[in-house]
Amino acid sequence: MSQAEPTLPEELLLLALDPQRGKPYCRNRFLQYGMAGAALAELELQGRVAASRGRVQVTKPLTPPDPLLAQVLATLRAPDKRRFAGGVGARSWIRRTGRQVEGLYLDHLVKYGVLRRETHRFMGLFPYHRYPAGPDSWAPHARSRFAAAEAAGFPDRRSRLLAGFAAATGLARTIAHGGRPSRAAMRVFVREEWAPQAVHRNVVQDKSNQAGGG
């Protein structure tokens, strides 16, 4: 993994985790949706998938050099002769694979010392994990990059996508420095970009289910 060229899911994960406590600044399930959406968006930026009307189609099935993106791409259907006749629904794929995608990136960043894995026990019985910064953490670099992009008004599509995922998952209130105007701008990217929008729809569904007791 190159610090100079992190992928969208890597950056989102490092922005989301408290470096000291190792706990996400948002609900973990929402972060999982964000991770899956960011992986799809990264594949789109690399020209490997395309999206139309809420469905994602593989356009370049050659294995990406990034091993994690290769695993993500392998879960999508092979290209169909009729454009977008196949593919998968972005919203349902994100909901189904969020936990798996998050796990891939957590294991990867732990392996390279970017994060540490700490095991705790709830009530002394049930194990759960926290992921504070590791000895080779570049979370400060990720935060600096995001702050610079925010100050510049998110001038490129990659930074707008990252801002959109932050807004969709509920991270914006913690990592945005520009107050309400900045958070409002980040919400616009949720509406404009299909992947953050699919993440947001899953978050809204979960909140609705919780409110309704479902």
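In this predicted model, a search of the whole structure identifies 7 salt bridges. One of them joins arginine 145 to glutamate 11, with the closest N and O atoms 2.9 Å apart. Arginine 145 belongs to helix H5 and glutamate 11 to helix H1 (residues 8-16), and the pair links distant parts of the chain, 134 residues apart. Arginine 145 has a relative accessible area of 31% and is partly exposed, whereas glutamate 11, with a relative accessible area of 4%, is buried.

Another salt bridge is formed by arginine 158 and glutamate 42, where the closest N and O atoms are 2.8 Å apart. Because arginine 158 lies in helix H6 and glutamate 42 in helix H2 (residues 28-45), this pair ties together parts that are 116 residues apart in sequence. Arginine 158 counts as partly exposed at 26% relative accessibility. Glutamate 42 is buried, its relative accessible area being 3%.

A salt bridge also connects the side chains of aspartate 206 and arginine 95, at 2.4 Å from N to O. Aspartate 206 is located in helix H9 (residues 194-211) and arginine 95 in helix H4 (residues 90-111), so parts that are 111 residues apart in sequence are tied together by the pair. Here the acidic residue, aspartate 206, counts as buried at 11% relative accessibility, while arginine 95 is partly exposed, with a relative accessible area of 24%. In addition, Glu44, Arg157 and Glu193 are linked in a network of salt bridges.

The structure also holds 2 aromatic pairs. The ring centres of phenylalanine 146 and phenylalanine 154 are 5.6 Å apart and the ring planes stand at 55°, so this pair is tilted. Phenylalanine 154 also pairs with phenylalanine 189, in an edge-to-face arrangement with 5.7 Å from centre to centre and 85° between the planes. This pair links distant parts of the chain, 35 residues apart: phenylalanine 154 is in the loop between helix H5 (139-151) and helix H6 (157-169), and phenylalanine 189 is in helix H8 (residues 179-192). Phe146, Phe154 and Phe189 form one aromatic cluster. Phenylalanine 146 is buried. Phenylalanine 154 is buried as well, with a relative accessible area of 3%, and phenylalanine 189 is buried with a relative accessible area of 10%.

Strands S4 and S5 were examined next. Strand S4 (residues 118-122) runs antiparallel to S5, and 5 bridges join the two strands. Within this pairing, arginine 121 stands opposite proline 127 in S5. The two strands S4 and S5 form a hairpin with 3 residues between them. In the turn, methionine 123 has a positive phi of about 55°. Strand S5 covers residues 126-130 and includes phenylalanine 126.

Phenylalanine 126 is also part of a nonpolar patch on the surface, together with Phe122, Met123, Leu125 and Tyr128. The accessible area of these residues together is about 580 Å². Methionine 123 of the hairpin turn is thus named in the patch as well. The phenylalanines of the aromatic cluster, Phe146, Phe154 and Phe189, are not among the residues listed for this surface patch.

Terms used. Residues numbered from 1 in each chain as written. Predicted model: local features only at pLDDT ≥ 70, side-chain atom pairs only at ≥ 80, totals over all residues. Heavy atoms only, no water. Patch = residues over 30% accessible without salt bridge, like charges linked within 9 Å, V, L, I, M, F, W, Y side chains within 5 Å. Areas by Shrake-Rupley, 256 points an atom, 1.4 Å probe, with all protein chains shown as cover. Salt bridge = Lys/Arg side-chain N within 4 Å of Asp/Glu carboxyl O. Helix = DSSP H or I, 4+ residues; strand = E, 2+ residues; numbered from the N terminus. Pairing = 2+ DSSP bridges. Phe/Tyr/Trp six-rings, centres within 6.5 Å; stacked < 30°, edge-to-face > 60°. Buried < 20%, exposed > 50% of the residue type's maximum accessible area, 1.4 Å probe, protein only.
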